[in-house]
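Student: I have a structure to read and would like to go through it feature by feature. Where do I begin?

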Amino acid sequence: MAVPSYKVRVSVISQKGECHLGHKVGERWLIEGGKTPGGVCGAAWNAIYPYIRVLAAGGEFSWAKDKDVASFACPDAVNPVVFELRRLRE
């Protein structure tokens with residue numbers, strides 16, 4: 001049985017303080033095949049990538065209100081950037 005593979009859209013939905021890479025609310029990337037999109041902070045990518053893989057493979061998070069959407073923050077506690085991960089069912 002083949003594992004499903006969905007595209008995942010990553011959007012910056014919140015940013016406090018000063019992000020050292022300049023991420024701003026409204027930035028978006030489309031993730032296909034697990035490739036790192038250009039311009040995404042490496043630390044943030046390392047933090048959100050495992051969750052992107054869960055959504056891309058059809059998995060869910062028990063705490064999420066919407067099984068296709070979850071939000072996670074980068075590891076910078078002083079200047080957090082929050083990313084929304086959305087599975088696209090096209």
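The dialogue below goes from the overall fold to the sheet, the helix and the core.

Tutor: Keep in mind that this is a predicted model. Begin with the list of elements.

Student: What does the secondary structure of the protein come to?

Tutor: There are one helix and four strands. Read from the N terminus on, their order is β-β-α-β-β.

Student: How does the radius of gyration of the protein stand against the globule rule?

Tutor: The radius is 13 Å and the rule gives 12 Å for 90 residues, so the protein is as compact as a globular protein of that length. Along the principal axes, the C-alpha atoms fill a box of roughly 45 × 30 × 20 Å.

Student: Next, the sheet. In what order do the strands lie, and with which pairing?

Tutor: In general, strands of a sheet pair through backbone hydrogen bonds, either parallel or antiparallel. Here the four strands form an open sheet in the order S2-S1-S4-S3, and the pairing is antiparallel.

Student: Why is one side of S2 and of S3 left without a neighbour in the sheet?

Tutor: S2 and S3 stand at the edges and each has a single partner strand, so one side of each has no neighbour there. From one strand to the next, the twist averages 25 degrees.

Student: Over how many bridges do S1 and S4 pair?

Tutor: S1 and S4 pair over eight bridges, in the antiparallel sense. To find this pairing in the view, look for serine 14, which stands opposite valine 82 in S4.

Student: Where does the helix H1 lie?

Tutor: H1 lies across S1, S2, S3 and S4, and it runs at about 20 degrees to S4.

Student: Which residues have the most contacts inside the largest nonpolar core?

Tutor: As a general idea, nonpolar side chains in soluble globular proteins tend to be buried together. In this model the largest nonpolar core has 22 residues, and those with the most contacts inside it are Val10, Ile48, Ile52, Phe83 and Leu85. Two or more residues each come from strand S1 (7-15), strand S2 (28-31), helix H1 (42-56), strand S3 (69-73) and strand S4 (81-88). H1 gives the largest share, six residues.

Student: What does valine 10 touch, leaving out residues up to four places away in sequence?

Tutor: Valine 10 touches Glu27, Arg28, Trp29, Ile31, Ile48, Ile52, Phe83, Glu84 and Leu85.

Student: What share of the 90 residues is buried?

Tutor: Buried residues make up 37% of them. As for the surface, the accessible area of the protein comes to about 5,500 Å², and 53% of it belongs to carbon and sulfur atoms.

Key: Residues are numbered from 1 along each chain as its sequence is written. This is a predicted model: local features need pLDDT of at least 70, side-chain atom pairs count only at pLDDT 80 or more; totals for chains, interfaces and linings use all residues. Side-chain values use heavy atoms; hydrogens and water are left out. A nonpolar core is a set of buried Ala, Val, Leu, Ile, Met, Phe, Trp, Tyr and Cys residues joined through side-chain atoms within 4.5 Å. Buried means under 20% relative accessible area, exposed over 50%, partly exposed in between (1.4 Å probe, protein chains only). Contact means heavy atoms within 4.5 Å. Two strands pair if DSSP finds at least two bridges between them. Axes are lines fitted to C-alpha atoms, for helices over the stretch in contact, and angles run from 0 to 180 degrees between N-to-C directions. The radius of gyration is taken over C-alpha atoms; the globule rule is 2.2 Å times the number of residues to the power 0.38. Accessible areas come from the Shrake-Rupley method with a 1.4 Å probe; for residues, only the protein chains shown count as cover.
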